[in-house]
Amino acid sequence: MTTEVAPAALVDELRTALGRAHVRTGATELNLYRRDGSNIEGRSSVVAFPTTTEEVQACVLAARRHGVPFVARGSGTGLAGGAVPLDGALVIVTTKMNRVLSIDLDARQAWVEPGVLNADLSRFLASDGVHYAPDPSSQQSCSVGGNVATNAGGPHCLSEGVTAMHVLAAEVVLPDGSIAVLGGEDPEPAGLDLRGVFVGGEGMLGIATRICVRLTQNPPVVRTLLLDFERVEDGAATVSAIIASGLVPAALEMMDAPVTRAVEAYVHAGFPTDAAAILIVELDGLPAAVEAGVERVGEIGRAHGARQVRLAADEAERALIWKGRKTAFGAIARIKPNYYLHDTVVPRARLVEVLSRVYEIAARHELIVMNVFHAGDGNLHPLLVFDKREPGVMERVHAAGDEIVRVSVAAGGVLSGEHGIGLEKRDLMPLLFSPVDLDLQARLRDAFDPDGLANPDKVLPAGSRCGDLQQVPAGAWI
Amino acid sequence: MDLSNSVDLSSFAAEVGADDPVTCVGARCLWHVGGDVHPGAREVSAPAGIDWIAPEEMTVSCGAGTTVAELDAALAEEGQQVALPAWGTVGGVLAVGRSDHRRLGYGPVRDTLLQAGVVTAGGEVAKVGGPTVKNVSGFDLARLLVGSVGTLAFLGDVILRTRPRPQAAAWFRAAEGTDPFALFRALYRPTSLLWDGTTTWARLEGHPIDLDGAVALHGLEAVEDPPPLPPYRLSMPPAALRGLDGRFVAEIGVGLVHLDEPAEAAPQSEEVLALHRRIKEAFDPAGRLNPGRDPLSR
């Protein structure tokens with residue numbers, strides 16, 4: 001492990017702009033900020049904690065003057081290595097920018113700083129009858145700025161859509177240090193949808209310093225059903241049949257038997273531990289539509305072999321079901337100390353086939369696999385569970401993960417549904433995109449960041465630009 | 001069913017070529033949006049026709065030259081619809097990027113496009129986006145192309161997100177003196193809420209019993225049609241609609257105002273203009289795609 005040292009002049013400039021306490025170069029901070037929620041480690045040389053747009057701008061300008069790359073980071077819960085600093089980058093941490101700036105209920109819009117935590121925003125809005133719709137499983141700790149960078153999803157994105165549909169505008173420090181507002185409070189700002197490409201830009205197109213989010217009206221009625229099946233195929237067929245029937249549930253989640261058993265032992269949510277698969281189906285809206293939907297989901301489930309269709313009797317039971325779903329990752333820690341969470345999307349109609357391949361791949365690599373995922377979106381989340389102290393296990397985990405991604409793409413799916421590409425899947429991009437496709441994406445990146453200092457070497461594999469022959473040392477930091 | 005784009009774009013790409021100024025023609029319904037194309041630009045058209053409809057995926061694939069009306073009729077047979085205005089071709093309405101009166105309930109046009117096969121300024125076929133409703137694989141160039149008035153690449157074929165058709169749908173008029181903003185807060189997700197300064201109209205969709213409930217609760221009266229929308233549009237922050245006067249029809253909760261006279265759009269900052277120049281330079285350095293058109297004057 002080598003340690004990069006930040007140029008002393010850079011550190012001095014940052015301290016002048018941000019104050020001593022907000023610029024750290026100690027071993028503790030550098031170690032803490034060298035990784036995110038993924039298993040990938042990088043190298044940082046200095047960590048800055050700006051509190052205003054101008055301070056973020058000062059960080060970017062100082063980094064540019066010294067030719068040091070910079071990486072924006074929110075809570076660091078990302079799972080694809082998007083916030084992992086490479087080559088001694090300056091890490092610009094936005095967690096101290098955590099104010100809700102304004103709320104407008106006539107427009108159902110709010111301006112927030114990027115460090116506001118996802119769940120805090122909805123808690124803040126609770127008395128206003130609205131909420132912020134994207135709800136990634138990390139919502140208690142992930143930031144809205146990070147959600148914007150990764151175009152985050154969550155169970156309720158089935159009916160409400162992912163982050164891009166809930167971000168109207170962003171004030172951004174562009175990679176050249178200038179400040180621009182992309183998008184707007186108004187519905188059709190003149191020009192290109194720069195907001196749309198910025199969301200999901202993984203910190204390579206600039207750093208959001210204020211974000212205008214769309215607020216979603218709370219549904220008057222919410223009903224949550226739990227269905228269980230003796231065969232995974234029946235659960236998956238139920239998912240397709242529900243969507244094909246014209247229902248769009250608020251959420252439609254599946255858990256397989258290993259996950260269900262782990263969760264049940266952990267939170268006692270009343271999940272049937274002998275089922276091959278359980279489905280959590282949530283319907284929301286006006287009462288007649290919801291009641292008709294509940295009826296229809298029950299019929300479809302029973303027609304596809306559901307053993308039991310349980311309607312949560314009250315809010316407490318509903319909360320317990322969701323607690324079971326959202327604490328799945330904690331429950332898994334009781335089985336093995338480490339897990340690797342994957343994220344691919346496949347057409348719903350191919351869920352069964354891809355799931356059976358996932359089980360087969362894990363078995364071949366002698367790994368435990370558990371599946372808890374957004375079935376309604378076809379968004380798979382295979383969890384490979386392991387103990388990293390076991391010699392050679394990481395190689396098997398990576399090999400299995402690679403195969404799972406390839407199988408998903410071959411089935412007509414995509415590389416990632418909500419985690420992003422980052423470093424994790426960067427070199428798999430050619431599975432989905434041709435050289436011409438990648439060249440177009442590289443052109444966009446170059447238009448935003450001609451010098452390539454904003455979170456370099458993420459998303460786009462080396463050679464994405466037509467005629468670009470330089471090689472990044474693959475795996476050097478992994 | 002193979003849910004990839006399977007329209008062969010090679011002949012469209014050959015037609016677009018790589019050298020001379022070209023313009024992509026749909027149904028010419030919104031032909032002047034973004035400015036007129038220089039005379040002499042060679043006209044090309046994207047392929048038409050529906051490739052497949054997958055109601056269980058809530059997606060459809062078609063050539064960009066397909067008319068929205070044809071697409072909507074085919075989707076209706078599957079109980080689905082697409083949130084595009086029925087103003088011409090699929091490629092045309094995506095390139096223009098304007099939403100119709102259903103934007104409050106259905107969202108902006110840009111959220112409808114999942115994947116596109118495009119022809120670049122270099123005459124090559126490329127893919128942007130991905131075929132699934134949820135996808136964060138790489139930069140979201142599909143959104144960049146919506147509203148780009150054909151200045152970055154030409155849409156050849158598309159995969160669109162569909163949504164179920166409602167069981168019941170109708171227009172209603174609110175009682176005289178109703179505050180449209182109060183109605184906006186009270187109604188649960190209307191598809192449209194129009195206000196002309198005096199009268200408020202709502203389009204409600206959903207279960208018939210829920211519609212009856214809303215009518216009774218909010219004193220709504222069923223009407224045949226919404227008010228005609230004046231021809232020009234202005235985009236405003238929805239909170240600013242309260243201050244409107246004169247003759248207008250405004251989309252409450254959205255911020256679109258329909259006017260009899262053209263209105264000046266809010267100017268963009270120098271930083272945003274610079275990004276536009278760099279993106280155009282990166283995608284179409286010779287300026288051969290729809291020369292004369294500018295998304296900033298859309």
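**Cores, interface and a helix in a predicted two-chain model**

Visitor: Which residues does A:Leu384 touch, leaving aside those up to four places away in sequence?

Guide: In this predicted model, A:Leu384 is one of the residues with the most contacts inside the largest nonpolar core. Leaving aside residues up to four places away in sequence, the residues that A:Leu384 touches are A:Tyr339, A:Tyr340, A:Ala362, A:Leu367, A:Val369, A:Val397, A:Ala400 and A:Gly401.

Visitor: Which helix gives the largest share of the largest nonpolar core?

Guide: The largest nonpolar core has 207 residues, and A:Ala48, A:Cys59, A:Ile92 and B:Leu145 are among those with the most contacts inside it. Its largest share is seven residues, and these come from chain A, residues 232-244, helix α8.

Visitor: How many residues does the second, separate core have?

Guide: This core includes B:Leu104, B:Phe172, B:Leu183 and B:Leu234. Separate from the largest one, the second core has 23 residues.

Visitor: Which element gives the largest share of the side of chain B that touches chain A?

Guide: Between the chains, 68 residues of chain B are in contact with 76 residues of chain A. On the chain B side, two or more residues each come from β7 (125-129), α5 (141-145), α6 (180-186), α7 (208-218) and α8 (270-283). The largest share, eight residues, comes from α8(B).

Visitor: How do the residues on that side of chain B divide into nonpolar, polar and charged?

Guide: The side in question is the part of chain B that touches chain A. Its residues divide into 18 charged, 19 polar and 31 nonpolar.

Visitor: Is B:Arg103 buried or exposed?

Guide: B:Arg103 is found in helix α4 (residues 103-106) of chain B. Beyond residues up to four places away in sequence, it touches B:Pro108, B:Glu251, B:Val254 and B:Leu256, and also A:Pro187. A residue needs 20 or more C-beta neighbours within 10 Å to be buried. Because B:Arg103 has 22 such neighbours inside 10 Å, it counts as buried.

Visitor: What distance in space separates B:Arg103 from B:Thr191?

Guide: In sequence, the two residues are 88 residues apart. From C-alpha to C-alpha, B:Arg103 and B:Thr191 are separated by 7.2 Å.

Visitor: What arc do the buried residues of α14(A) cover around the axis?

Guide: The buried residues of α14(A) are A:Val397, A:Ala400, A:Gly401, A:Ile404, A:Val405, A:Val407 and A:Ser408. They lie on the same side of α14(A), because they cover an arc of only 165°.

Visitor: How far apart are the end C-alpha atoms of α14(A)?

Guide: Helix α14 of chain A has 18 residues, 393-410. At 1.5 Å a residue the helix should span 26 Å, and this agrees with the distance between its end C-alpha atoms, 26 Å.

Key. Residues are numbered from 1 along each chain as its sequence is written. Chains are lettered from A and ligands numbered from 1 in the order in which they are written. This is a predicted model: local features need pLDDT of at least 70, side-chain atom pairs count only at pLDDT 80 or more; totals for chains, interfaces and linings use all residues. A nonpolar core is a set of buried Ala, Val, Leu, Ile, Met, Phe, Trp, Tyr and Cys residues joined through C-beta atoms within 7 Å. A residue is buried if 20 or more other C-beta atoms lie within 10 Å of its own, exposed if 12 or fewer, and partly exposed in between; C-beta atoms are placed from the backbone. Helices (H or I, at least four residues) and strands (E, at least two) are DSSP runs, numbered from the N terminus. Two residues are in contact if their C-beta atoms, placed from the backbone, lie within 7 Å. Ala, Val, Leu, Ile, Met, Phe, Trp, Tyr, Cys and Pro count as nonpolar, Asp, Glu, Lys and Arg as charged, and the others, Gly among them, as polar. The expected span of a helix is 1.5 Å times one less than its number of residues. The arc is that of the directions from the helix axis to the C-beta atoms.
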